[in-house]
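Me: I am a first-year student, and I would like to go through this structure with you by asking and answering questions.

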Amino acid sequence: MIRDPENESMPRERLERLQLERLRAKVGEVYERVPFYRRTLKEKGVTPDDIQSLADLRKLPFTSKLDFRDNYPFGLMAVPMEQVVRIHSSSGTTGKPIIAPYTRHDVDTWAEIMARTLTSAGTTENDVLQNAYGYGLFTGGLGFHHGAELLGATVIPTSTGNTKRQILMIQDLGTTVITCTPSYAITLHEAAREMGVDLRDTTLRLGIHGAEPWSEKMREDIEDRLGIIAINVYGLTEVIGPGVSVECPYKCGMHIWEDHFLAEVINPETGEQLPYGEEGELVITTLTKEAQPVIRFRTRDIISLNPEPCDCGRTMVRMSRLTGRSDDMLIVRGVNVFPSQIESVLLEVEGVEPHYLIVVDRQHAFKTDELEIWVEVSDEVFSDEMGKMENLEKRLRSEMDSVLGIAARIKLVEPRTIARTEGKAKRVVDRSEL
Ligand code: AMP
Ligand code: ZN
């Protein structure tokens with residue numbers, strides 16, 4: 001099913017005309033309203049009038065996560081606060097979170113995009129959709145919620161956690177669609193098994209999973225364990241939240257909703273645009289966002305694009321699964337974690353050295369379920385009595401918890417035991433390499 005065939009299946013020529021029109025308007029708007037963009041465009045010697053074709057996109061400057069940090073909280077906003085009806089947030093690279101404001105129009109557009117996304121995945125108004133993405137500051141919960149309601153499905157807003165209750169709801173309320181991270185889908189299966197429930201015997205038929213990397217192998221595993229079709233969905237806070245792209249039932253890449261999000265792939269080293277089919281960093285320009293449009297946002301996600309028409313009838317370009325990141329971000333139980341955040345905590349706490357190692361159990365790309373941080377203590381603390389070490393460990397655990405937003409295991413190690421490198425320090429190691 002296609003919710004909005006006029007847009008989702010429009011001839012690419014017409015799509016490109018629409019994109020150019022929207023791009024020109026958006027660049028003009030941010031140039032006028034956001035001092036940051038006026039400055040970065042001026043620095044590149046570009047004015048909105050220089051954008052005459054889509055190829056001129058490459059004249060525009062990039063925007064990065066650091067620009068979000070430097071303009072925290074509202075420096076990238078293009079409307080007055082009175083027009084903002086909601087604010088979401090996600091982890092930034094250091095202590096400062098990423099802030100995502102939405103106007104009324106943004107919230108409505110997002111719901112429509114999510115209704116389109118859910119339909120592409122195979123959801124209909126007859127479905128009972130259990131939404132186990134986190135509600136709150138994270139975009140996942142409310143993003144899926146409003147899209148599913150607009151579509152007319154029956155929404156059960158369970159949010160994350162309370163896994164036993166999730167299983168009971170699936171059984172008792174007749175849930176047909178589950179939306180959650182791929183790792184939570186596995187957790188659901190394990191919990192159900194412990195309760196003596198076989199999820200394959202329930203009404204569950206479809207899972208829509210994203211927010212963290214997963215493999216084709218993992219898909220097969222989820223489909224087999226839960227007895228469902230599992231669909232990949234992608235998005236990010238800086239751009240809108242979930243709903244930037246999603247698979248169709250052919251599962252051959254995620255269609256990017258290009259009438260709203262203009263996608264490019266670049267070489268992360270040089271910034272050069274790459275042709276379709278080549279692997280590189282995904283860069284997105286929002287064409288319709290009002291509160292906080294982004295121009296050429298470097299997602300750091302490594303993918304490739306395929307513009308071939310799809311059997312489903314949609315003309316929108318398809319992006320591959322994510323194969324990696326061009327920065328050192330990790331996703332731990334759905335939460336983005338940057339080594340720089342850990343470093344910022346260590347620099348504030350007395351008694352430890354800024355030498356650390358993040359030990360992870362990798363299952364796919366940059367996703368991990370457990371986070372263990374090895375921290376070198378200073379000579380003074382190390383030679384002191386045990387009590388001090390214990391206090392230090394406790395303090396670090398709570399500081400990390402509040403800065404990272406998730407619990408980490410802390411292991412204090414003797415001075416000078418973490419290997420020093422001459423070049424780039426290696427901060428993240430797989431347990432199997434230890
Ligand atoms: P956030 O802004 O906190 O929602 O995090 C967005 C990031 O999550 C993206 O930049 C990706 O790195 C990751 N992500 C989201 N969806 C997927 C997906 N389907 N596959 C792999 N990684 C994903
Ligand atoms: Zn398709």
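Me: Which residue in S11 stands opposite Glu264?
Reply: This is a predicted model, in which local features need pLDDT of at least 70, side-chain atom pairs count only at pLDDT 80 or more, and totals for chains, interfaces and linings use all residues. Residues are numbered from 1 along each chain as its sequence is written, ligands are numbered from 1 in the order in which they are written, and side-chain values use heavy atoms, with hydrogens and water left out. S10 and strand S11 (residues 280-286) pair in the antiparallel sense over six bridges, where strands are DSSP runs (E, at least two residues) numbered from the N terminus and pairing needs at least two DSSP bridges. Opposite Glu264, in S11, stands Val283.

Me: Why is one side of S10 and of S15 left without a neighbour in the sheet?
Reply: The open sheet has four strands with antiparallel pairing, in the order S10-S11-S12-S15. Strand S10 (261-266) and strand S15 (324-325) are left without a neighbour on one side because each stands at an edge, with a single partner strand.

Me: Where does ligand 1 lie with respect to domain 1 and domain 2?
Reply: The shell around ligand 1 holds 19 residues, with Ser90, Asn232, Val233, Thr237 and Asp301 the closest, and a residue is near if one of its heavy atoms lies within 4 Å. Domain bounds come from an automatic or database domain assignment. Since domain 1 (1-325) and domain 2 (330-433) both give residues to this shell, ligand 1 lies between them.
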